[in-house]
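Here is a short briefing to read with the model open beside you. It goes through strand pairing, nonpolar cores and charged pairs in turn.

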Amino acid sequence: MKFIENIQLNNYFKLPCRASRIIFIENEDEFISLNEFTSNAIVIGEASNLIVADCINKDIIKFDYKKIHHENNYLSISGAVTWSEVIEYTLKNHLYGLENLTAIPGLATAAPVQNIGAYGVQISDFIDSITCWDLKSEQFKVLTNKECVFDYRKSLFQTNKSLIIHKVLLKLNDSFNPVLTYKSIQDYFLQNNIQTSNITPSKLSEVVRTIRYQRLPDPFVHPNVGSFFKNPSLSSSQFFDLKSNFSDIPFWEERDAIKISAGWLISSIKNSLLSNSIEIFETNNLVLINRGTSYTQLLEFSDKIISLVFEKFGIKLTIEPEIIS
């Protein structure tokens, strides 16, 4: 275990943030002595889906070890393995199901927190169990998929901060059954004359990567955390009431709910917004880009978006990245 004090915390949105102390866990045995060194800690991976305040007066825990291996179609991931390394590993070892989640940034052990998802697939579809270190009980705890309380971009780990995810166990498919229902994938196939009968796992992963990079700016060039707001889920009655007034609103059905495009909602009110330090990405209005903003200015700007959308549509948008202050 090693410590670094008073250090700038790197984050994808490139907000200035000073961390009072970072604790690096170098192997899983060090969890046992963690409570000897901290009682006020949070875990931060690559901060690819975080909005951070100017100063964090808590101990930040980071992993300085990584393990990944599989047995049959069970894949075990722990520590600082990145999600891109997981995708690469599954394609190489003929483990199927995660292709639609290609090119999502961040650590694999952070992925369950937000229940990452893309193009009709969520990580919770494949989680068998999660092993956590519980700061309160000071012991490891194994949670089943059901006990993690997964929902759209939600999980138990967003509310129970005493749980540190150490290991994620995925149960993947031993045969390739691609999910191709998402419109942007179908459009790409049509535009590029790709036959669905000829699709392979590697090709689908490549297609998803291409689509994603067309819709999301490179965070290392244009600081962003991907989608800043969640796409709202509506009941049938809510949706039909809305569609009676806005007939051209984009929508799709997903998991017994009707989703509508938060980007489309924002596009209709963005002309009322003004900021020299935050840019709404032109080709994907869900993405906010840092052009020199502060933590406070960013939250004021996002609050204005939420307010304007609610005034026009009666829908309250929810911020997707976690806010750490």
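**Strands, cores and salt bridges**

Let's start with one pair of residues: S129 has L169 as its bridge partner in β12. Strands β10 and β12 run antiparallel and are joined by seven bridges. Please keep in mind that this is a predicted model.

**The five-stranded sheet**

- The strands β6-β7-β12-β10-β11 form, in that order, an open sheet with antiparallel pairing.
- At the edges you will find β6 and β11 (139-144), each of which pairs on one side only.
- On average, neighbouring strands of this sheet are turned by 20 degrees against each other, direction ignored.
- Between β10 (residues 127-134) and β11 there are six bridges, in the antiparallel sense.
- To find this pairing on screen, look for D134, which stands opposite Q139 in β11.
- Helix α1 packs on the sheet and touches β6, β7 (74-79) and β12 (163-171). The direction of α1 makes about 25 degrees with that of β6.
- Five bridges pair β7 with β12, again in the antiparallel sense.
- A handy marker here is I77, which stands opposite V168 in β12.

**The nonpolar cores**

- As general background, nonpolar side chains tend to be buried together in soluble globular proteins.
- In this model the largest nonpolar core has 49 residues, and those touching the most other members are L9, I56, F229, L265, L288, I305 and L317.
- Several elements give two or more residues to this core, including β2 (18-25), β5 (55-63), α4 (236-245), α5 (262-267) and α6 (295-313).
- Which element gives the most to this core? That is α6, with nine residues.
- L265 is a good residue to click on: leaving aside neighbours within four places in sequence, L265 is in contact with P232, I249, I260, V309, F313, I315 and L317.
- There is also a second, separate core of 42 residues, and L75, I127, I194 and L204 are among them.

**Salt bridges**

- Side chains of opposite charge can pair when their charged atoms come close.
- The structure holds 11 salt bridges, and three of them are described here.
- K2 and D64 meet through their side chains in a salt bridge, at 3.2 Å from N to O. K2 lies in strand β1 (residues 2-8) and D64 in the loop between β5 and β6 (66-71), so this pair ties together parts that are 62 residues apart in sequence.
- K2 is partly exposed, with a relative accessible area of 37%. D64 is also partly exposed, with a relative accessible area of 37%.
- D59 and R21 form another side-chain salt bridge, with N to O at 2.9 Å. Because D59 lies in strand β5 and R21 in strand β2, the pair ties together parts that are 38 residues apart in sequence.
- Are D59 and R21 buried or exposed? D59 is buried, and so is R21.
- The side chains of E85 and K66 also meet in a salt bridge, 3.1 Å from N to O. E85 lies in helix α1 (residues 83-92) and K66 in strand β6, so the pair ties together parts that are 19 residues apart in sequence.
- E85 counts as partly exposed, at 31% relative accessibility. K66 counts as partly exposed too, at 44% relative accessibility.

Note on methods. Residues numbered from 1 in each chain as written. Predicted model: local features only at pLDDT ≥ 70, side-chain atom pairs only at ≥ 80, totals over all residues. Heavy atoms only, no water. Core = buried A, V, L, I, M, F, W, Y, C linked by side-chain atoms within 4.5 Å. Buried < 20%, exposed > 50% of the residue type's maximum accessible area, 1.4 Å probe, protein only. Helix = DSSP H or I, 4+ residues; strand = E, 2+ residues; numbered from the N terminus. Contact = heavy atoms within 4.5 Å. Salt bridge = Lys/Arg side-chain N within 4 Å of Asp/Glu carboxyl O. Pairing = 2+ DSSP bridges. Axes fitted to C-alpha atoms, helices over the stretch in contact; angles between N-to-C directions.
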